[in-house]
Amino acid sequence: MAAANRQLSIFEDFEQLSHAAAETLAKLIENRTTVHERFSVALSGGSTPERLYEILAEEPYKQGIPWRKVDLFWVDERCVAPDDDESNYGLVKELLLRRIEIPQENIHRIKGELSPEIAAAQYETELINYFGKHSTDFDLVILGFGEDGHTGSLFPGSIEIIDRDSLVLTSEVSYDGRPSKRVALGLRALNQARNIFVLASGKAKAEIARLVLVQNDCDLPISLVSPEYGKLFWMIDKETAQLLPKTFLDELQKSNS
């Protein structure tokens with residue numbers, strides 16, 4: 001991971017991290033929509049971004065963000081109905097969509113109720129219709145990562161992490177007892193983004209943070225997320241940062257001063 005396009009921020013706790021992510025997101029939207037009509041963001045499921053979505057549904061972001069200019073996509077989706085408890089779309093709908101005023105046509109969900117192949121084909125067509133054929137340059141992609149270093153539906157040792165050509169992938173993997181069939185953005189789509197948030201909280205993520213940020217581990221899926229031309233924001237709390245060596249943190253402080 002090239003340090004030149006990476007910004008690492010360490011926060012006191014999960015709440016502070018989530019508010020900082022909301023503020024940074026709002027600034028990105030404000031800056032982009034002053035010169036461009038639309039702002040596109042790909043959302044992730046999982047527990048880490050949940051608080052971010054709740055904050056965005058509150059003031060000042062509920063009314064302060066021009067939601068009519070924001071197009072929402074998804075990083076990945078389990079192959080379940082949109083009202084299923086395991087649906088990433090359903091999570092965002094409950095925490096954010098039903099609480100803000102956003103046009104229905106701005107919501108570009110992965111149709112997990114379809115077969116994986118059909119859902120993937122339809123989602124890829126949706127992306128091409130929106131972005132064009134040559135670049136899927138999301139204005140922002142929001143990611144977390146698991147204790148095994150997976151992100152979205154890209155898992156360690158899977159064939160999906162060596163696929164650099166596909167915009168959209170299907171995968172089937174057993175993790176945490178959840179539905180295994182999934183549809184997801186590939187690394188090609190992720191790494192064309194203008195901005196990427198990587199959010200992590202808790203001591204269970206500390207070893208992965210150390211491996212990626214200090215050891216530059218190249219086998220973990222989250223380590224393969226590095227935008228070609230955009231900016232990568234790693235935003236973690238102190239518990240996730242607890243295994244980062246003092247020399248690394250001292251260098252970080254110098255670079256931020």
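Visitor: How do the residues lining the largest cavity divide into nonpolar, polar and charged?

Guide: Welcome! Keep in mind that this is a predicted model. The lining of the largest cavity has nine nonpolar residues, no polar ones and no charged ones.

Visitor: Which residues are they, and which elements give two or more of them?

Guide: The largest cavity is lined by Leu25, Ile29, Val41, Leu43, Leu56, Trp67, Val70, Leu72 and Leu96. Helix H1 (14-33), strand S2 (39-43) and strand S3 (70-74) each give two or more residues to this lining. About 50 Å³ of space lies inside the largest cavity.

Visitor: Which residues of H1 are buried?

Guide: A general idea helps here: an α-helix has 3.6 residues a turn, so residues three or four places apart point the same way. In H1, the buried residues include Leu17, Ala21, Leu25, Leu28 and Ile29.

Visitor: What caps the N-terminal end of H1?

Guide: Asp13 does, with a side-chain oxygen 3.3 Å from the backbone nitrogen of Glu15.

Visitor: And how do I read the aromatic pairs? How many are there?

Guide: Look at the distance between ring centres and the angle between planes; planes over 60 degrees apart count as edge-to-face. The count here comes to eight aromatic pairs. Phe73 and Phe138 are edge-to-face, 5.4 Å centre to centre with 75 degrees between the planes.

Visitor: Why is that pair said to tie parts together?

Guide: Phe73 lies in strand S3 and Phe138 in the loop between helix H5 (116-131) and strand S5 (140-143), so the pair links parts 65 residues apart in sequence. Both Phe73 and Phe138 are buried, and together with Tyr130 and Phe131 they form one aromatic cluster.

Methods:
Residues numbered from 1 in each chain as written. Predicted model: local features only at pLDDT ≥ 70, side-chain atom pairs only at ≥ 80, totals over all residues. Heavy atoms only, no water. 1 Å grid on protein atoms, 1.4 Å probe; cavity = no way out; pocket = protein on both sides within 12 Å on 5 of 7 lines; lining within 4 Å. Points joined across faces, edges and corners; volume = space filled by probe spheres on them. Helix = DSSP H or I, 4+ residues; strand = E, 2+ residues; numbered from the N terminus. Nonpolar A, V, L, I, M, F, W, Y, C, P; charged D, E, K, R; others polar. Buried < 20%, exposed > 50% of the residue type's maximum accessible area, 1.4 Å probe, protein only. Polar contact = N/O pair within 3.5 Å; in protein donor to acceptor, adjacent residues only side chain to side chain. Phe/Tyr/Trp six-rings, centres within 6.5 Å; stacked < 30°, edge-to-face > 60°.
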